[in-house]
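Hi everyone, thanks for coming. I'd like to walk you through a structure that may be new to you, so let's put it up on the screen.

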Amino acid sequence: MLLTMDLLILLQNTKSLVLKNIIPLWILVIVLAVVTATLTIAGNAALLLIVRVAYIAALIYLVAKSLSYVITSYILYDEPSLSSKEIVEKSASLMNGNRKRFIFLIIVENGYNFIYNYKVKKISN
């Protein structure tokens with residue numbers, strides 16, 4: 001329960017960081033999706049291709065930026081004396097250069113879960 005309260009405090013204190021970095025990217029992705037849908041209806045193929053490339057680039061950048069802050073809860077648990085800004089900065093510095101490893105870890109873990117669930121369902125049937 002204490003860790004949950006600390007996470008809420010961390011989120012409140014880093015609201016400006018999230019508003020400055022993450023929220024505008026989501027707005028950009030939504031706007032590009034709407035423009036893509038509009039251009040699909042209008043039938044302008046050249047402009048549609050440009051917007052789709054921009055949409056994919058924005059999504060990739062958003063995911064890469066979001067991965068910088070993925071370990072903030074672990075840092076908060078290990079070092080509760082740090083301020084919110086220090087925790088977010090430390091998370092970004094630790095994830096710098098380790099994003100590919102983290103994505104690979106997620107893929108491997110999901111693969112193991114898929115194999116385990118497949119075997120359990122196969123045995124139970």
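Let me start with a question: how much of the area that the chain exposes do carbon and sulfur atoms supply? The answer is 69%, out of about 9500 Å² that the chain exposes.

Please keep in mind that this is a predicted model. The pLDDT of the chain averages 76, and 77% of the residues score at least 70. Confidence is lowest in helix H1, residues 2–13, with a mean of 55. At the other end of the scale, helix H5, residues 84–95, has the highest confidence, at 86. As a general caution, predicted coordinates should not be read in detail where pLDDT is low.

Now for the overall layout. You can count 6 helices and 0 strands in the chain. There are 125 residues, and 19% of them count as buried. If we take the contacts between residues at least 6 apart in sequence, 57% join residues at least 24 apart.

Let's spend our last minute on helix H3, which covers residues 45–66. With 22 residues at 1.5 Å a residue, H3 should span 32 Å, and its end C-alpha atoms are 31 Å apart, which agrees.

So which residues of H3 are buried? They are Leu-48, Val-51, Ala-58 and Leu-62. Looking down the axis of H3, these buried residues fall within an arc of 85 degrees, so they line one face of the helix. The face turned away from that buried side carries exposed residues, among them Leu-49, Ile-50, Val-53 and Ile-60.

Thanks for listening!

Key: Residues are numbered from 1 along each chain as its sequence is written. This is a predicted model: local features need pLDDT of at least 70, side-chain atom pairs count only at pLDDT 80 or more; totals for chains, interfaces and linings use all residues. Side-chain values use heavy atoms; hydrogens and water are left out. pLDDT is the predictor's confidence in each residue, from 0 to 100. Helices (H or I, at least four residues) and strands (E, at least two) are DSSP runs, numbered from the N terminus. The expected span of a helix is 1.5 Å times one less than its number of residues. Buried means under 20% relative accessible area, exposed over 50%, partly exposed in between (1.4 Å probe, protein chains only). The arc is that of the directions from the helix axis to the C-beta atoms. Contact means heavy atoms within 4.5 Å. Accessible areas come from the Shrake-Rupley method with a 1.4 Å probe; for residues, only the protein chains shown count as cover.
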